[in-house]
Amino acid sequence: MLVAYLQDTSLSVVVGKPGVPAAIDGCYRLDGLRGIVRDGVIIDPEAFRSLVEPFWKEHQLETKRVKVVVETKRIAVRTTEAPVFKKERDLRAYMQREVQTQSRFSDPCYEYRTISTDAATNTARMLITTADKSLVERIVGTFKQIGVEISAIATPYTSVISFTERMRGDRTDDTVLFLTSDHDHSVAVLFKAGLYRYSSEQHLFTDYGTPDFGGELLRSVTGIEQFIVVRFRQNESIPFIWHVRHNNDHFHPAFCRKFQSCRHLIIQYQV
């Protein structure tokens with residue numbers, strides 16, 4: 001399995017096998033895409049090909065069923081509630097109407113999946129990802145020119161939600177927060193009583209690895225706590241935080257002091 005992460009400045013590739021735990025066989029990174037990719041759009045396909053094609057061959061990367069994660073504001077992600085349908089075709093028709101009435105795209109393509117269900121109300125919380133068809137076709141077509149077949153396109157936001165669902169497993173802790181941080185953004189995903197409840201994405205403006213960077217993470221978690229108070233009428237601290245990060249250098253002292261009573265499971269990764 002191969003997953004490529006396309007950003008405005010770089011392309012990162014992870015090769016491995018899915019599962020719990022996943023097996024990582026290799027990580028590779030190509031820099032120098034600034035001015036070639038802008039907000040997820042490959043604006044210079046020829047320059048992109050001249051860099052990515054030799055990079056792909058150098059590392060002997062697979063070319064079939066590649067998943068591409070694109071960092072862009074041009075793909076919309078949101079959650080909505082829907083009735084629980086017995087037949088998939090009824091759910092599909094419902095979601096199609098939902099996209100047609102709520103989408104900001106003139107020619108949208110979309111995908112959806114169930115992230116939690118509530119038996120008491122017979123409803124499901126759905127995660128909907130929507131993009132303009134021309135954006136998807138441009139990404140697929142550009143990779144096809146270098147011989148790479150794309151099987152799926154996702155965003156960092158949806159990828160983190162999928163990742164944290166697998167990490168959560170069968171945990172039934174009352175409140176669990178998964179916090180991931182990269183060089184310029186973080187994603188927080190909240191579970192209560194084993195069910196997905198809320199998630200938020202935050203752009204980070206401070207330099208990676210500085211005390212202020214840790215301070216921004218602190219504000220992200222504080223915002224989730226405020227959501228708990230408003231939504232669930234519970235004035236509680238988050239008892240369990242999983243923080244997925246690159247290294248140890250941005251754990252701000254204020255962050256540690258606020259959550260010194262929490263149990264932390266720190267998972268490190270390095271790309």
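## Exercises on a sheet, a helix and a core

In this model, 3 strands build an open sheet whose order is β7-β9-β8, and their pairing is antiparallel. The model is a predicted one, in which local features need pLDDT of at least 70 and side-chain atom pairs count only at pLDDT 80 or more, while totals for chains, interfaces and linings use all residues. Residues are numbered from 1 along each chain as its sequence is written, and side-chain values use heavy atoms, with hydrogens and water left out.

**Exercise 1. Find which strands are the edge strands of the sheet, and describe what packs on the sheet.**

Step 1. Helices (H or I, at least four residues) and strands (E, at least two) are DSSP runs, numbered from the N terminus, and two strands pair if DSSP finds at least two bridges between them.

Step 2. The edge strands are β7 (75–83) and β8 (108–118), each of which pairs on one side only. On average, neighbouring strands of this sheet are turned by 25° against each other, direction ignored.

Step 3. Between β8 and β9 (residues 123–132), the antiparallel pairing runs over 10 bridges, and the bridge partner of Tyr-110 in β9 is Thr-130.

Step 4. Helix α3 (residues 133–145) packs on the sheet and touches β7, β8 and β9, its direction making about 70° with that of β9. Contact here means heavy atoms within 4.5 Å, and axes are lines fitted to C-alpha atoms, for helices over the stretch in contact, with angles running from 0 to 180 degrees between N-to-C directions.

**Exercise 2. Work out which residues are linked in a network of salt bridges.**

Step 1. A salt bridge is a side-chain nitrogen of Lys or Arg within 4 Å of a carboxyl oxygen of Asp or Glu, and the structure holds 8 salt bridges.

Step 2. Helix α1 (residues 45–58) has 14 residues. In this helix Arg-49 and Glu-53 are 4 residues apart, which means that about one helical turn separates them, and their side chains meet in a salt bridge (3.4 Å, N to O).

Step 3. Lys-57 and Glu-53 also lie in α1, 4 residues apart, and their side chains meet in a salt bridge of 3.9 Å, N to O.

Step 4. Arg-49, Glu-53 and Lys-57 are therefore linked in a network of salt bridges. Lys-57 is exposed, with a relative accessible area of 61%, whereas Arg-49 counts as partly exposed at 31%; buried means under 20% relative accessible area, exposed over 50%, and partly exposed in between (1.4 Å probe, protein chains only).

**Exercise 3. Determine which element gives the largest share of the largest nonpolar core.**

Step 1. A nonpolar core is a set of buried Ala, Val, Leu, Ile, Met, Phe, Trp, Tyr and Cys residues joined through side-chain atoms within 4.5 Å. The largest one has 30 residues, and those with the most contacts inside it are Leu-11, Val-13, Phe-48, Trp-56 and Phe-143.

Step 2. The elements that give two or more residues to this core include β2 (10–17), α1, α3 and β10 (150–154).

Step 3. The largest share, 5 residues, comes from α1. The buried residues of α1 are Ala-47, Phe-48, Val-52, Phe-55 and Trp-56.

Step 4. Leaving aside neighbours within four places in sequence, Val-13 is in contact with residues including Leu-2, Tyr-28, Phe-55, Trp-56 and Leu-61.

Key. The expected span of a helix is 1.5 Å times one less than its number of residues.
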